[in-house]
Structure formats: C-alpha cells, structure tokens
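Thank you all for coming. I would like to walk you slowly through one structure today, so please have it open in front of you as we go.

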Amino acid sequence: MTGLSLEPPTWAALCAGAAAWLWMGQDQGMRRARLIFAGAGAEGGGLEDGGGAGVPGAGAEFKASRLGRWLHKERSRARRRMEWLCLPVGLMIALLGGSVLPLVAAAVAVPLVGKRLRAGERERARARRADEVIAWCAAVAGELRAGRQPGRALVAATRGSVALGAATAPVVAAAAYGGDVPGALREAAGEPGAEGLAGVAACWQVAVDGGAGLASGLERLEGVLRAEREQQESLRSELAGPRTTVLLLACLPALGLVLGTAMGASPLKVLLHSAAGFGCLAVAAVLEAAGVWWAARIVRAGEGR
C-alpha cells in the first residue's frame with residue numbers, strides 16, 4: 001500500500017461506504033435480536049411480562065407513557081427526514097465527478113426514497129397495531145376473569161394502548177354508552193394491523209346472543225392471533241438473509257466506483273464525461289433497477305406465502 005495515495009475526497013467516499021456497511025449490519029442484527037427477545041417474552045414468565053402470558057409489561061407501559069410517545073414521534077420524524085440525505089450524497093458525488101448529473105439524480109431520488117420510507121413506516125405501524133390487538137385481547141380476558149362486566153373490561157383494557165388508541169375510540173364509546181360494540185369492532189378491524197378485532201366482534205356477538213363465555217373465547221382468539229404473528233415474524237427472520245444479500249448486491253456497483261477512485265482510475269469522470277461511459281452508466285442503471293426489483297419481488301412473494 002506504499003505506492004497508493006488517496007486524496008481527501010476518496011477518503012470521504014471510503015468512510016461513507018464503511019459507515020453504510022456497518023449501519024446495514026447493525027440494523028439487521030437489531031431486527032434479529034428484537035425477534036428473538038420478542039419470542040422469548042411471548043412465552044410468559046419473563047421479566048417484562050411479570051409472569052403473565054400475554055399481559056403487557058414494562059415495555060408496553062413505557063410506550064404508553066408521555067416520554068415513550070414523544071420518543072416514538074421523534075423517531076418517526078427522523079425516519080421521514082432521512083430521504084433528504086440523498087441531496088448531500090449526490091452533491092458529494094457531483095463534486096468528485098465534476099458533473100451536475102449526480103445532483104439531479106439525487107433530487108429525483110428524494111421523492112422515491114421518501115415513498116419507500118413512508119411505506120416502511122406504515123408497515124411498522126401495522127405490526128405494532130397487530131401486537132397491540134393480541135395484548136388487548138389478553139387484557140380484556142384478564143379483566144373479565146377478574147369479575148368486570150364486558151363493557152367496563154373493554155374500556156379498562158384500552159387504557160394505555162398506543163397503536164390502538166385511534167382505532168378503538170369508537171369501540172370504547174359504544175361500550176361505555178351502550179352502542180353497537182360488534183359493529184364498532186368490525187369497523188375498527190378495517191385499520192391495517194387491526195384485523196384481529198373482527199374475531200373479537202364475533203366472540204362478543206356469540207357471547208351476547210348465545211351466552212357463551214367471552215373470556216374463554218378471547219383467550220382462544222389471542223392464542224390463534226399470537227401463533228399467526230409468531231409465524232409471520234419467523235418468516236421475516238428467515239428472509240432477513242436474502243434481503244441483506246439483495247441490498248449488498250445492489251451496493252456492489254457503488255463499491256466498485258469507490259475502489260476505482262481509490263486506485264486512481266477516475267471512473268466517475270469516464271462515466272459522466274464521455275459518450276461511451278454515459279451509455280454504460282445508463283444501461284447499468286436500468287439493469288440495476290431491474291435486478292433489484294426482481295429480487296425484491298421474489299422476497300415479497302416468499303413473505304406473502
């Protein structure tokens with residue numbers, strides 16, 4: 001390495017690539033750790049659950065607190081602002097290549113990245129709401145076992161719910177003032193992630209019309225929803241490897257450009273300031289987009305199954 005001299009912009013590009021690599025690995029590790037500990041906590045008897053299966057513990061109480069809600073909002077705002085990072089990255093590449101085209105491409109990428117980030121935020125909100133429905137079923141069943149009336153049990157179990165607050169507001173109003181609780185539950189089940197409330201509506205209808213035990217029905221429904229949720233999370237954890245592979249393969253062209261710049265080949269100048277290079281760049285961009293779309297479609301198909 002004695003004969004290799006790197007300019008400051010090249011060092012900046014190398015540092016940016018290393019930081020992106022470490023961030024991707026840390027994100028995947030955190031996802032797997034959350035899945036492992038979430039599965040362990042769902043079995044009951046853990047420190048967070050306090051020994052009761054399906055009963056929200058300290059983690060749920062913290063999320064429902066004012067500080068937890070504030071942290072969640074700030075985290076969501078930070079994710080929404082990440083799309084604007086495309087502009088400084090495009091500016092850095094434009095300075096390295098001596099062309100305005102990377103900056104224009106970065107400006108075009110801002111709404112596309114923002115759309116993808118918002119879709120991910122909606123997916124996370126859906127997952128949180130599904131978890132809240134499972135915990136809510138267990139809480140309502142616990143209140144019923146403690147001797148509360150169904151309406152009061154439903155209202156008491158909804159307190160402290162973060163993801164279900166807006167979805168179950170009509171349900172709480174119907175339970176408190178003698179309205180159509182099953183109808184309100186079916187309407188609330190239309191929210192993404194709250195589909196399990198349709199089962200709660202069926203249990204409520206059977207308990208009112210047929211006199212069946214509502215608590216036992218909710219406990220069985222909670223078990224079914226929890227098993228389905230664990231199956232989905234298990235499938236997601238199994239697909240974490242292919243997702244990471246697709247992401248790394250998509251980043252290989254950028255890594256090649258960084259290595260070429262480090263070796264003094266000036267690939268950006270060739271790609272951006274010559275007709276042949278610009279043609280290769282256009283074809284490569286089309287093939288890269290098609291490959292990422294195809295691989296992501298395969299992963300989504302496996303996740304759907």
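Before we look at any helix, let me say that the bend at a residue is the angle between two axes, one fitted to the seven residues ending there and the other to the seven starting there. Please also keep in mind that this is a predicted model.

With that in hand, we can turn to helix H11, which bends by about 35° at Leu252, with a proline, Pro253, following within four residues. How far apart are the end C-alpha atoms of H11? They are 32 Å apart, and this agrees with the 33 Å that the 23 residues of the helix, residues 240-262, should span at 1.5 Å a residue. Among the residues of H11, Ala240, Val258, Gly260 and Ala262 are buried, and after the helix comes Gly264, which has a positive phi, near 85°.

Let us now bring in a neighbour, helix H10, which covers residues 214-238 and whose axis comes within 4 Å of the axis of H11, the two crossing at roughly 35°. On the H10 side the contact is made by Arg236, Ser237 and Glu238, and on the H11 side by Ala240, Gly241 and Pro242. Sorted by kind, the residues of this contact divide into two nonpolar, two polar and two charged.

Finally, a word on the cysteines, since a search of the whole structure finds zero disulfides. Why does Cys203 not form one? The closest cysteine sulfur, in Cys137, is 7.8 Å from the sulfur of Cys203, which is too far for a bond. Cys203 is also buried, because its relative accessible area is 18%, and buried means under 20%.

Terms used: Residues are numbered from 1 along each chain as its sequence is written. This is a predicted model: local features need pLDDT of at least 70, side-chain atom pairs count only at pLDDT 80 or more; totals for chains, interfaces and linings use all residues. Side-chain values use heavy atoms; hydrogens and water are left out. A disulfide is a pair of cysteine sulfur atoms within 2.5 Å. Buried means under 20% relative accessible area, exposed over 50%, partly exposed in between (1.4 Å probe, protein chains only). The expected span of a helix is 1.5 Å times one less than its number of residues. Axes are lines fitted to C-alpha atoms, for helices over the stretch in contact, and angles run from 0 to 180 degrees between N-to-C directions. Contact means heavy atoms within 4.5 Å. Ala, Val, Leu, Ile, Met, Phe, Trp, Tyr, Cys and Pro count as nonpolar, Asp, Glu, Lys and Arg as charged, and the others, Gly among them, as polar.
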